[in-house]
Amino acid sequence: MNLLILGGTSEAQNVVKQLTGNTGGTPCKLIYSVAGLVRIPELPCEVISGGFSQYGGLSEYLVQRQIDGVIDVTHPYAQRM
């Protein structure tokens with residue numbers, strides 16, 4: 001299973017840490033995305049920065065990377081993802 005986590009918050013980083021520590025033996029690949037406006041965190045997964053236009057847009061990225069699910073843990077008052 002491939003999961004994309006839209007982050008940029010401390011809560012998002014906690015979600016990654018919880019998921020990487022509790023996979024229950026199920027192979028799960030996490031990819032953490034930040035907008036590029038924040039520093040890149042050190043996490044036990046792949047981290048991408050700067051949005052998805054560099055990959056042809058979010059929908060194209062989801063197809064290319066065979067993403068099974070997206071977890072949105074961006075700031076609750078963010079006007080743009």
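1. V34 first. Leaving out residues up to four places away in sequence, V34 touches G7, G8, P41, I48, S49, G50 and G51; contact here means heavy atoms within 4.5 Å.

2. A word on the ground rules. This is a predicted model, where local features need pLDDT of at least 70 and side-chain atom pairs count only at pLDDT 80 or more, while totals for chains, interfaces and linings use all residues. Residues are numbered from 1 along each chain as its sequence is written, and side-chain values use heavy atoms, with hydrogens and water left out.

3. On to the cores. V34 is one of 10 residues in the largest nonpolar core, alongside L3, I5, A12, V16, L30, Y32, L43, C45 and V73. A nonpolar core is a set of buried Ala, Val, Leu, Ile, Met, Phe, Trp, Tyr and Cys residues joined through side-chain atoms within 4.5 Å. At least two residues of this core come from each of β1 (2-6), α1 (10-21) and β2 (29-34), and β2 gives the most, with 3. Those labels are DSSP runs numbered from the N terminus: helices are H or I, at least four residues, and strands are E, at least two.

4. Another core, of 7 residues, lies apart from that one; I31, I48, Y61 and I67 are among them.

5. Now the cysteines. You'll find 0 disulfides here, a disulfide being a pair of cysteine sulfur atoms within 2.5 Å. C28 is in none, and its nearest cysteine sulfur, in C45, is 9.9 Å away, so that gap is too far for a bond.

6. The two cysteines also sit differently in terms of exposure: C45 is buried at 16% relative accessible area, whereas C28 is partly exposed at 32%. Buried means under 20%, exposed over 50%, and partly exposed in between (1.4 Å probe, protein chains only).
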